[in-house]
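Me: Before I rely on the labels attached to this chain, I would like to hear how they are justified, one after another.

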Amino acid sequence: MFARGKAAITASGEVAEAAITPDMDVIWIRARMSVAVQQAVQSEATSVSTSRVNGRTGTPDVEIDVGVYQIALLRQNILSWQGPSFVGVPCTADAIGDLDPQEPLVERVLQEISDRNTRRSPNAGS
């Protein structure tokens, strides 16, 4: 019912907290997004503009920037990080925005966030 918890992600996938060693790069993410976090991601990635037609305000145009959406997903879901690659780098929104999208760990984190938050069909088990 409630979205709580966190997961430790390495480049090879989720790892149990007890199995983490000091030489491992780990990014901690939310287990699932709550309604509030989903709305924050959408707000970051969405822009709304209205056009004027014949002096009147027209229908609002809503645009979602896919690139900004990925950054928003990372910023809203990464809780902390640890490991040799992160020494001296605080886990801040700016630092998250500086992550290399081609780095296997970052790719895996994005995939994990997506997998964990994909809506499941009520008929998926049938």
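Me: What stands opposite Ala7 in β3, and how do you know that the two strands concerned are paired?

Reply: Ala7 of the chain stands opposite Ile29 in β3. Two strands count as paired if DSSP finds at least two bridges between them, and 4 bridges join β1 to β3, which run antiparallel, so the pairing follows from the definition. The strands themselves are DSSP runs of E with at least two residues, helices are runs of H or I with at least four, and both are numbered from the N terminus. This is a predicted model, in which local features need pLDDT of at least 70 and side-chain atom pairs count only at pLDDT 80 or more, while totals for chains, interfaces and linings use all residues. Residues are numbered from 1 along each chain as its sequence is written, and side-chain values use heavy atoms, with hydrogens and water left out.

Me: Which other strands belong to this sheet, and what makes a strand an edge strand?

Reply: The open sheet has 4 strands in the order β2-β1-β3-β6, with antiparallel pairing. The edge strands are β2 (13–15) and β6 (78–82), as each pairs on one side only. Strand β1 (residues 6–10) pairs with β2 over 3 bridges, and there Ile9 has Glu14 as its bridge partner. On the other flank, β3 and β6 pair over 4 bridges in the antiparallel sense, with Ile78 in β6 as the bridge partner of Ile29. Strands of a sheet pair through backbone hydrogen bonds, either parallel or antiparallel.

Me: Why is β3 called largely enclosed?

Reply: A residue is buried under 20% relative accessible area, exposed over 50%, and partly exposed in between, using a 1.4 Å probe and protein chains only. In β3, 4 of the 5 residues are buried, so the strand is largely enclosed by the rest of the structure. For the whole chain of 126 residues, buried residues make up 28%.

Me: How do you know that α4 has the span expected of a helix?

Reply: The expected span is 1.5 Å times one less than the number of residues. For the 14 residues of α4 this should give 20 Å, and the end C-alpha atoms are 20 Å apart, which agrees.

Me: Which residues of α4 are buried, and why are they said to lie on the same side?

Reply: The buried residues are Leu105, Val106, Val109, Leu110, Glu112, Ile113, Arg116 and Asn117. They cover an arc of only 160° around the axis, which puts them on the same side of α4; the arc is that of the directions from the helix axis to the C-beta atoms. These buried residues pack against β1, β2, β3, α2 (66–77) and β6.

Me: Is Glu112 buried or exposed, and what does this residue touch?

Reply: Glu112 has a relative accessibility of 12%, which falls under the limit for a buried residue, so Glu112 counts as buried. Contact means heavy atoms within 4.5 Å, and, leaving aside neighbours within four places in sequence, Glu112 is in contact with Ile9, Gly13, Glu14 and Ile29.

Me: What makes one face of α1 the buried one?

Reply: The buried residues of α1 are Val37, Val41 and Ala45. Seen down the axis, they fall within an arc of 65°, so they line one face of the helix. On the other side of α1, Val35, Ala36 and Ser43 are exposed.

Me: At what angle do α1 and α2 pack?

Reply: Helix α1 (residues 35–45) and α2 pack at about 145°, with their axes 8 Å apart. Axes are lines fitted to C-alpha atoms, for helices over the stretch in contact, and angles run from 0 to 180 degrees between N-to-C directions. Val37, Ala40 and Val41 of α1 are among the residues making the contact, as are Val68, Tyr69 and Ala72 of α2.

Me: Why is Arg4 called exposed, whereas Thr21 is called partly exposed?

Reply: Arg4, in the segment before β1, has a relative accessible area of 64%, which is over the limit of exposure, so Arg4 is exposed. Thr21, in the loop between β2 and β3, has 32%, which lies in between, so Thr21 is partly exposed.
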